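Please walk through the fold shown here, starting from one charged side chain and working outward to the chain as a whole.

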Amino acid sequence: MKEQPLTLPPGKRFRLKDFDPAYTGTFGNKKDAAQELQDNLERLHSLQEMLYAQGKHALLIVLQAMDTGGKDGVIEHVMGAFNPQGVRVASFKAPTEEELAHDFLWRVHAAVPRRGMIGIFNRSHYEDVLVVRVRKLAPEEVWQKRYDHINAFERLLADSGVTIVKFYLHISKAEQKERLLERQRTPEKHWKFSPGDLEERTRWDEYMAAFEDALTRCNQDYAPWYVIPADRKWYRNLVVSRILIETMEKLDLAYPEPPPDLEKYTIPD
Ligand code: AMP
Ligand code: MG
């Protein structure tokens, strides 16, 4: 089987039809991936401890997907490896009246992690070129300019010590149907069932076109987009964990220098 790329070089057009949501690489099932996932989660835990101790870099993880795509699942099963003290999750909902009275990046900028911290965006400023575009919540001349605004904003963050990594969790329309049915028939999942999601589903192709533009126009070396095959939850988790390790290993993470003459101190009884 041909290896499926996870990202493309900046400037290259993303065509989501070329990315198979059910791709699992060389792995056949969840069991094959279990050991590597466990090792990866331990590695992520250590890397985050250093990031926190060093206080030099911030890491911003952006999660976008269609409804049921697995944003919550990735946060639980992959980012669950991190120490909660060093992580902040920001979930972006439909903007409030106050948020709408500001520019679209105002609420987003306020949620960017400080140095030493990991910020997870469960949805993000990309909603402003996704749902806003598909639902016509703003006129085209407004959302068209936002790709440039987003690139400039992410550049500012990157120049300020924030490492950005963006995941599009790619599920098929058929898999979404399964997951919506599952939400409908499982009492513990009823709370996740929003009738509104059914309406978004009818605009699937428009969303795919909006995602393709967002991924293509905002895929930069300093803020790359990854297309995660997400029909299989276990493979999705594995791939996200790998990319996070790769991203964090590129930083010069290290524990800070100890206080001078550390060994000369005696601990009082
Ligand atoms: P959930 O993530 O399932 O809690 O749903 C959050 C909802 O907020 C989704 O329907 C999003 O499309 C919506 N949302 C998030 N950001 C925006 C935005 N900037 N404009 C309009 N709707 C948004
Ligand atoms: Mg939802």
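Aspartate 72 is partly exposed, its relative accessible area being 37%. The model is a predicted one, and in it this aspartate forms a salt bridge with lysine 192, with 3.0 Å between the closest N and O atoms. Aspartate 72 belongs to helix H2 (residues 71–77), while lysine 192 sits in the loop between helix H8 (173–185) and helix H9 (195–201), so the pair ties together parts that are 120 residues apart in sequence. Lysine 192 has a relative accessibility of 24% and therefore counts as partly exposed, since the buried class ends at 20% and the exposed class begins over 50%.

A second salt bridge joins the side chains of glutamate 36 and arginine 242, at 2.7 Å from N to O. Here both partners are helical: glutamate 36 lies in helix H1 (residues 30–54) and arginine 242 in helix H11 (residues 233–249), so the contact links parts of the chain that are 206 residues apart in sequence. Glutamate 36 has a relative accessible area of 24%, which makes it partly exposed. Arginine 242, at 30% relative accessibility, is partly exposed too.

Lysine 189 and glutamate 182 supply another such pair, their side chains meeting in a salt bridge at 3.8 Å, N to O. The relative accessible area of lysine 189 is 31%, and this residue is partly exposed. Glutamate 182 is also partly exposed, with a value of 31%. Elsewhere, Arg13, Arg133, Glu212 and Asp213 are joined into one network by salt bridges that share partners.

How many salt bridges does the structure hold? The count is 20. The charged side chains behind the overall balance number 39 positive and 42 negative, and the centres of these two sets are 5 Å apart.

Alanine 111 offers a view of a buried position. This residue is placed in the loop between helix H4 (106–109) and strand E3 (118–122). Is alanine 111 buried or exposed? Its relative accessible area is 10%, so alanine 111 is buried, the cut-off for that class being under 20%. Leaving aside residues up to four places away in sequence, alanine 111 touches Arg88, Ala90, Phe92 and Phe121. Threonine 96 is 15 residues from alanine 111 in sequence, and the two C-alpha atoms are 15 Å apart in space.

The chain that carries these details has 11 helices and five strands. For its 269 residues, a compact globule would have a radius of gyration near 18 Å, and the chain's 20 Å agrees with that. The C-alpha trace spans about 70 × 45 × 40 Å along its principal axes.

Burial and contacts can be read at the level of the whole chain as well. Of the 269 residues, 49% count as buried. Among contacts with a separation of 6 or more, 81% are between residues 24 or more positions apart. The surface that the chain exposes comes to about 14,500 Å², of which carbon and sulfur atoms supply 52%.

Technical notes
Residues are numbered from 1 along each chain as its sequence is written. Chains are lettered from A and ligands numbered from 1 in the order in which they are written. This is a predicted model: local features need pLDDT of at least 70, side-chain atom pairs count only at pLDDT 80 or more; totals for chains, interfaces and linings use all residues. Side-chain values use heavy atoms; hydrogens and water are left out. Helices (H or I, at least four residues) and strands (E, at least two) are DSSP runs, numbered from the N terminus. The radius of gyration is taken over C-alpha atoms; the globule rule is 2.2 Å times the number of residues to the power 0.38. Buried means under 20% relative accessible area, exposed over 50%, partly exposed in between (1.4 Å probe, protein chains only). Contact means heavy atoms within 4.5 Å. Accessible areas come from the Shrake-Rupley method with a 1.4 Å probe; for residues, only the protein chains shown count as cover. Lys and Arg count as positive and Asp and Glu as negative; His and the chain ends are not counted. The place of a charge is taken as NZ of Lys, CZ of Arg, CG of Asp or CD of Glu. A salt bridge is a side-chain nitrogen of Lys or Arg within 4 Å of a carboxyl oxygen of Asp or Glu.
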